[in-house]
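Biologist: Please take a close look at one part of this model for me. I would like the helix packing, and then the sheet beside it.

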Amino acid sequence: MSAESVSWNEGLPGDARGLKFAIVVARFHTAVTEAMLSCARQSLEDAGAEALDIFHVPGSFELPLAVKLLAQRRVYHAIVALGAVIRGETPHFDFVSAEAARGLQQVALETGVPVAFGVLTTDTLQQAQARISKGRDAALAAIEMARLAAAL
């Protein structure tokens, strides 16, 4: 199959009609992550998602396991992972952010279910608050990757 024959992006950009999504949200830094969730949810609803289920986990470190358990169910066309890791005075930031990214990528590669990475990694709470719209970006990436995965 040639690249020209694959028309995975037919229709409107961000068209989620007929697709089912899960959003997994870290509760740590709730003010930020719940605002990101609102952006992601609104984007998926506006795009016509058939179904949308939301799950909460304690923090960004727990996102990969929850996403893997959901991906293994083969119910969702894509999963959006949302979290916020804000740098503190210890190296904890480096470990959590790196393992969340690695774990989420590993889930996508192992299961073939698209995982949209919506984990903010910022130096300050103010920087995180300024990037809340990344929830929307992650939702739109999930739609695009779900369409691509279905076409391939």
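Modeller: The crossing of α2 and α3 is right-handed (the near helix is turned clockwise from the far one by less than a right angle; anticlockwise would be left-handed). This is a predicted model, where local features need pLDDT of at least 70, side-chain atom pairs count only at pLDDT 80 or more, and totals for chains, interfaces and linings use all residues. Residues are numbered from 1 along each chain as its sequence is written, and side-chain values use heavy atoms, with hydrogens and water left out.

Helix α2 spans residues 63-72 and helix α3 residues 92-111; they pack at about 15 degrees, with axes 8 Å apart. That makes α2 roughly parallel to α3 (angles under 35 degrees count as such). Axes are lines fitted to C-alpha atoms, for helices over the stretch in contact, and angles run from 0 to 180 degrees between N-to-C directions. Helices (H or I, at least four residues) and strands (E, at least two) are DSSP runs, numbered from the N terminus.

From α2, Leu63, Pro64, Val67, Lys68 and Ala71 meet α3 residues including Glu99, Ala100, Gly103 and Leu104. Contact means heavy atoms within 4.5 Å.

Now the sheet. It is open, with four strands in the order β2-β1-β3-β4 and parallel pairing (strands pair if DSSP finds at least two bridges between them). β2 (51-57) and β4 (115-122) stand at the edges with a single partner strand each, so one side of each lacks a neighbour in the sheet. Five bridges join β1 (residues 20-26) to β3 (residues 78-86). Val25 stands opposite Leu82 in β3. Helix α3 packs on the sheet, touching β3 and β4, and its direction makes about 170 degrees with that of β4.

Methods: Parallel < 35°, antiparallel > 145°, perpendicular 65-115°, else oblique.
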